[in-house]
Amino acid sequence: MNRLLSIRQRLTPSRVNVYFSIICFFFPPVLGSVVSFVFNGGGLWSVLLIALKKRRFNIDRAMMALTIAIYAYCAANVMASIVNNTIVRDAPRLIPLVTFLFFPLSYSTWSITQKTTLVRIIMLSSMAACFVALLLAITQQYGLGIRAKGGAGNAIVFAEVLCLAVMVCVAGALSGIERHRVAFVCAALCGTIAIIYSGTRIIWLVLLIAGIAVLLINQRRLRGRNAVSLLLLLLAIGIVITAVGFQTIWGRVEFLRSDWEALAIHGDYTTALGLRVALWDIGLKAFREMPLFGHGVGATQLLIKQGFQNQFGMDAGFNHFHNGFLTALVQAGILGAVMLAAIFIVAARNAALVLRNSADPIERFGATMIVIVVITYLIAGMTGILIGHDILDSVLMVFLVSGTYLASGRRALLAEEQTRPPLTENQFPSPVMEEQALPSATQ
């Protein structure tokens, strides 16, 4: 009995939040769908806590704007099913939208964590995820002879969530919040190599664009000797990546070239590229049939199967159109696609305001997280899934919740803290913040 009491005393709300945060940032590339169970379970727990008045809604302008955009997107999907009179058929496919509905609830309970603590958790968990992901990638690439797909079970999803961890490590190395910059750089390199082993070409482009964005955000810290150190570091990283991943990169580029030739010269739609082009053609025709409200979320597979049979004489089936916005256009029409775009526009605007007006490194790190997730999802979603996958949906919410809180939110006090004078963020212990953004040559 005493042992149970001791465990209960240790599992304070703040400590539970710490464990929850570690899982949410470490598990996506390593254990895949576990993060979905954890995040959605945390959302249900948040509902219970708020219903019992053990938590209070933590509302601020940035969070409210994003909540409105997210809920509008969910409403557009429900409306599409109602208009098509398929709400009963579509009900099972509408259930995953609950992940998005948890956004304000998760925000209210997650924001009891001190910002300095949450930042360290995000950085260190992402760093650990990169190291473990490389071990998994090497095992799958050389031990099993398959494309690296980590614990996600899908090479594209694995690469996408790992890309976020890599960019967090890059941001951590440049932000000056943590001392262990060499470890973050090594972790980012390991994660990048694992992404190369996944063979996911679109994420290679995402790495480049998101990396440039992170460098531009932190350009004030990259001057003088830091700029020289950065150039030398990038050169060394480029050499390592080329040496380790050249065969994989060259093979995937050649594969794309042969697919293009087969499609352009022979009209072959059976290749990976040909199937995507066929899907886009089917999707555009389906959108033109129902442009305003779409066909509903439950019609996608049937439309794709019929499209392949009628337009290409092929027996093929997919559950999305390999383009996030095209999938939204078919499922929920123009209204759904606009609401989906609004989520990323509002998130990007929140981040831009913070980056323009704030010099606080923690707030800028939160805004950087938002920039990273917006770039990654939008670019990767052009040839794959934008949302509609359990891991990707949960990770999107994890980054939007924590990034928005760090960038522009305020800490929510627990019930027992309401009776004490509130602490300011400056009174919390904070890690040493040094001016130098990159390790010197002597480190």
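**Exercise 1. Overall composition**

Task: State how many helices and how many strands the secondary structure of the protein comes to, and what share of its residues count as buried.

Solution. The secondary structure of this predicted model consists of 17 helices and zero strands. Of the 443 residues in the protein, 53% count as buried. The protein exposes about 20600 Å², and carbon and sulfur atoms supply 66% of that area. Turning to contacts with a separation of 6 or more, residues 24 or more positions apart account for 80% of them.

**Exercise 2. The environment of helix α7**

Task: Determine which residues of α7 are buried and which helices these buried residues pack against.

Solution. Step one is the burial of the individual residues. Phe103, Pro104, Leu105, Ser106, Tyr107, Ser108, Thr109 and Trp110 are buried in α7. Step two draws the consequence: since eight of the eight residues of α7 (residues 103-110) are buried, this helix is largely enclosed by the rest of the structure. Step three names the surroundings. The buried residues of α7 pack against α2 (13-31), α3 (34-51), α4 (61-83), α6 (98-101), α8 (115-143) and α17 (390-408).

**Exercise 3. Phe102, beside α7**

Task: Decide whether Phe102 is buried or exposed, and identify the residues that Phe102 touches, not counting those up to four places away in sequence.

Solution. Phe102 lies in the loop between α6 and α7. Its relative accessible area is 7%, and because buried means under 20%, Phe102 is buried. Not counting residues up to four places away in sequence, Phe102 touches Phe39, Asn40, Gly43, Leu44 and Val47. A separation of 9.9 Å lies between the C-alpha atoms of Phe102 and Tyr71, which are 31 residues apart along the chain.

**Exercise 4. Packing of α8 with α9 and with α16**

Task: Classify the orientation of α8 to α9 and of α8 to α16, and describe the residues in each contact.

Solution. Two packed helices are described by the angle between their axes and the distance between the axes.

- Geometry of α8 and α9: the axes of α8 and helix α9 (residues 155-175) come within 9 Å and cross at roughly 130°. The two helices are therefore oblique to each other, and α8 passes α9 in a left-handed crossing.
- Residues of α8 and α9: Ile122, Met123, Ser126, Met127, Ala129, Cys130 and Ala133 in α8 meet Phe158, Leu162, Ala165, Val166, Val168, Cys169, Gly172 and Ser175 in α9. This contact divides into 12 nonpolar, three polar and no charged residues.
- Geometry of α8 and α16: α8 packs with helix α16 (residues 361-380) at an angle of about 45°, with the axes 11 Å apart. That angle makes α8 oblique to α16, and the crossing is left-handed.
- Residues of α8 and α16: Lys115, Thr116, Val119, Ile122 and Met123 of α8 make the contact with Ile362, Phe365 and Met369 of α16. The division is six nonpolar, one polar and one charged.

**Exercise 5. Packing of α3 with α17**

Task: Give the angle at which the axes of α3 and α17 cross, and classify the orientation of the pair.

Solution. The axes of α3 and α17 come within 8 Å and cross at roughly 50°. This makes α3 oblique to α17. The crossing of α3 past α17 is left-handed. Val35, Ser36, Phe39 and Asn40 of α3 make the contact with Asp390, Ile391, Ser394, Val395, Met397 and Val398 of α17. By class, the residues of this contact are six nonpolar, three polar and one charged.

**Exercise 6. Trp204**

Task: Locate Trp204 and list its contacts, leaving aside neighbours within four places in sequence.

Solution. Trp204 is placed in helix α11 (residues 201-217). At 18% relative accessibility, Trp204 counts as buried. Leaving aside neighbours within four places in sequence, Trp204 is in contact with Ile195, Ile196, Gly199, Thr248, Ile249 and Arg252. The C-alpha atoms of Trp204 and Ala380, 176 residues apart along the chain, are separated by 9.8 Å.

**Exercise 7. Two positive phi values**

Task: Establish where Asn85 and His322 are found, and whether each is buried or exposed.

Solution. Most residues other than glycine have a negative phi. Phi of Asn85 is near 55°, a positive value, and phi of His322 is also near 55°. Asn85 is in the loop between α4 and α5 (87-94); with a relative accessible area of 69%, Asn85 is exposed. His322 is in the loop between α14 (300-312) and α15 (324-357); at 10% relative accessibility, His322 counts as buried.

Notes. Residues numbered from 1 in each chain as written. Predicted model: local features only at pLDDT ≥ 70, side-chain atom pairs only at ≥ 80, totals over all residues. Heavy atoms only, no water. Helix = DSSP H or I, 4+ residues; strand = E, 2+ residues; numbered from the N terminus. Buried < 20%, exposed > 50% of the residue type's maximum accessible area, 1.4 Å probe, protein only. Contact = heavy atoms within 4.5 Å. Areas by Shrake-Rupley, 256 points an atom, 1.4 Å probe, with all protein chains shown as cover. Axes fitted to C-alpha atoms, helices over the stretch in contact; angles between N-to-C directions. Parallel < 35°, antiparallel > 145°, perpendicular 65-115°, else oblique. Left-handed = near helix turned anticlockwise from the far one by under 90°. Nonpolar A, V, L, I, M, F, W, Y, C, P; charged D, E, K, R; others polar.
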